[in-house]
Amino acid sequence: MLFLRQTLTIAAKDLRSELRTKEAINASLSFALVILLLFSFAFDPTADTTREISGGLLWLVFAFAGALILNRSFARELENDCLDALIASPVPGPALFLGKVLANYALLLGIEFVCLPIFGIFYNVRWTQQLPSLALVLLLASWGVSVVGTVFSALTVNMRLRELMLPMLVYPMLIPCLMAAMQLTTPLLAGEPIQGDLYAWLRMLVGFDIIFTALAVMLIDTVLIG
Amino acid sequence: MRALAVEGVWKFYGDYPALREIRFDVEPGQCVALLGRNGAGKTTLLRILAGLARPSKGAVKVFEKDSLDRATRGQIGILGHGIAIYDELSAYENLRLFAGLYGIEQPDKWAMHWLERTGLERVKDGLVREFSRGMRQRLAVARAFLHNPKLLMLDEPFTSLDDRAIALLQGLLRESLAAGGTVIMSTHQLREALELATNVVLINRGKLAHTGARTQEMLDDPGYLYRTYGEA
């Protein structure tokens with residue numbers, strides 16, 4: 001019970017800080033919107049080929065916009081040496097980590113929630129046709145991005161070029177998660193349900209989330225204290 | 001039961017040994033001045049004692065338990081170089097946050113208690129980023145004492161504090177010691193440290209140069225310690 005309370009306390013603190021400064025939200029949202037707008041000029045929104053790459057396009061935007069949120073996750077703790085105070089407190093490393101994951105997850109879902117309708121308008125896609133399945137894919141893939149991204153945010157927090165290092169390290173790790181999300185999102189945006197071979201991608205997404213969450217929780221103390 | 005036991009601690013940065021076979025004990029109720037020149041290894045040692053870094057070799061026990069043990073950490077209060085408070089939260093929210101993390105019962109009451117003790121109750125809802133330097137320092141002191149720690153670890157506690165914060169901190173340290181608490185403070189400001197200290201640990205280039213009780217000679221002439229045990 002105390003573990004859960006500490007996790008939620010960390011998540012609430014991160015969300016409150018972010019909603020007051022809006023540093024990551026503004027950067028991430030404006031980046032996502034600009035990319036969606038620029039790609040809509042580059043591709044013909046009425047063409048079938050554009051709709052065939054819609055899943056990949058959407059997840060590229062989410063992944064890059066997510067990196068801007070994840071970069072701030074541990075970096076905001078560096079001011080005034082707040083990270084030392086958190087590590088020195090009796091809060092278990094996994095509670096600290098999961099609190100930060102929850103905050104990043106909420107922010108990432110918020111960005112996705114804003115971007116999806118705009119994506120629908122720019123690319124002429126009726127994205128609500130398979131809404132429950134699409135929501136499931138978004139929830140699962142965003143959790144994977146948040147977990148892996150938060151671990152690497154902790155790993156790179158003391159690096160001089162952390163804004164560059166985080167995406168370089170995190171995207172190769174996210175390839176299975178992003179591939180599964182892209183493979184599932186494209187047919188869902190076209191109004192097709194999850195069926196046949198698509199279940200294998202869904203299982204991969206679930207497996208990725210479970211394996212990386214477990215690994216991160218086990219290794220986070222080593223990451224934080226060294 | 002020893003408040004702190006440092007058992008043959010080494011710390012390497014690459015091949016360079018920043019700390020070499022540091023070994024000393026601290027009994028409950030003692031106030032230890034951790035002294036040494038700049039770069040002697042005081043901050044590195046204090047970070048290891050506080051569980052913020054792992055020793056390369058050796059071990060640190062706090063109340064006979066591993067210093068990295070989470071339950072043990074609840075008994076330690078830390079005031080480091082940074083103030084460790086969040087600029088974008090209010091004074092009250094900061095103390096409420098740490099009260100929650102330390103699992104303090106009645107967190108609201110204790111947050112308000114420490115705001116009153118540090119004279120910040122009138123600005124409790126003000127964001128820390130709008131505070132003056134002195135107010136931020138007093139809030140940092142409140143954060144360190146909030147959970148009534150049995151062992152306080154202070155890194156250069158008097159550096160950059162204003163007069164009011166120094167008086168507040170000295171008063172709180174005396175109170176804590178009178179109540180049986182233990183204090184370890186790393187500093188190279190000899191006079192302020194030796195006035196409070198019951199014991200002295202001198203680090204010289206990563207090695208333990210001297211450990212023992214603070215004597216009258218040290219108080220009369222703070223340079224005596226370096227001349228006798230360290231580099232002149």
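**Exercise 1. The fold of chain A**

What percentage of the contacts in chain A with a separation of 6 or more is accounted for by residues 24 or more positions apart? Describe the secondary structure, dimensions and burial of chain A as well.

*Solution.* The structure is a predicted model, in which local features need pLDDT of at least 70 and side-chain atom pairs count only at pLDDT 80 or more, while totals for chains, interfaces and linings use all residues. Residues are numbered from 1 along each chain as its sequence is written, chains are lettered from A and ligands numbered from 1 in the order in which they are written, and side-chain values use heavy atoms, with hydrogens and water left out.

Step 1. Contact means heavy atoms within 4.5 Å. Residues 24 or more positions apart account for 84% of the contacts in chain A with a separation of 6 or more.

Step 2. Helices (H or I, at least four residues) and strands (E, at least two) are DSSP runs, numbered from the N terminus. Chain A has nine helices and zero strands, and its elements follow the order α-α-α-α-α-α-α-α-α from the N terminus on.

Step 3. The radius of gyration is taken over C-alpha atoms, and the globule rule is 2.2 Å times the number of residues to the power 0.38. For 226 residues a compact globule would have a radius of gyration near 17 Å, and the 18 Å of chain A agrees with this. The C-alpha trace of chain A spans about 55 × 35 × 30 Å along its principal axes.

Step 4. A residue is buried under 20% relative accessible area, exposed over 50%, and partly exposed in between (1.4 Å probe, protein chains only). Of the 226 residues in chain A, 52% are buried.

**Exercise 2. Salt bridges within chain A**

State which parts of chain A are joined by the salt bridges of Lys100(A) and Arg72(A).

*Solution.* Step 1. A salt bridge is a side-chain nitrogen of Lys or Arg within 4 Å of a carboxyl oxygen of Asp or Glu. By this rule there are 21 salt bridges over all chains.

Step 2. Lys100(A) and Asp14(A) form a salt bridge in which the closest N and O atoms are 2.7 Å apart. Lys100(A) lies in helix 6 (residues 93-123) of chain A and Asp14(A) in helix 1 (residues 2-21) of chain A, so the pair ties together parts that are 86 residues apart in sequence. Both Lys100(A) and Asp14(A) are buried.

Step 3. Arg72(A) forms a salt bridge with Glu23(A), again with the closest N and O atoms 2.7 Å apart. This pair links distant parts of the chain, since Arg72(A) is in helix 4 (residues 54-75) of chain A and Glu23(A) is in helix 2 (residues 23-42) of chain A, 49 residues apart. Glu23(A) is partly exposed, with a relative accessible area of 39%.

Step 4. Salt bridges that share partners join Lys13(A), Asp14(A), Glu18(A), Arg76(A), Glu77(A) and Lys100(A) into one network.

**Exercise 3. The interface of chains A and B**

Describe the contact between the two chains, and then examine one salt bridge that crosses it.

*Solution.* Step 1. The contact involves 32 residues from chain B and 28 residues from chain A. Buried area is the accessible area (1.4 Å probe) that two parts lose on being put together, summed over both. Between chain B and chain A this area is about 2500 Å², with 56% given by carbon and sulfur atoms. Arg70(B), Tyr86(B) and Leu101(B) supply 29% of the area that chain B buries against chain A, more than any other three residues.

Step 2. Three salt bridges are found across the interface. One of them joins the side chains of Glu93(B) and Arg20(A) (2.7 Å, N to O). Glu93(B) counts as buried at 17% relative accessibility, whereas Arg20(A) counts as partly exposed at 34%.

Step 3. Helix 2 (70-73), helix 3 (91-101) and helix 5 (133-145) of chain B each give two or more residues to the side of chain B that touches chain A. Helix 3 of chain B gives the largest share, five residues.

**Exercise 4. The surroundings of Ser90(B)**

Is Ser90(B) buried or exposed? Locate the residue and name its contacts.

*Solution.* Step 1. Ser90(B) is in the loop between strand 6 (76-79) and helix 3 of chain B.

Step 2. At 3% relative accessibility, Ser90(B) counts as buried.

Step 3. Leaving aside its neighbours within four places in sequence, Ser90(B) is in contact with Arg20(A), Lys124(B), Asp125(B), Gly126(B), Leu127(B) and Val128(B).
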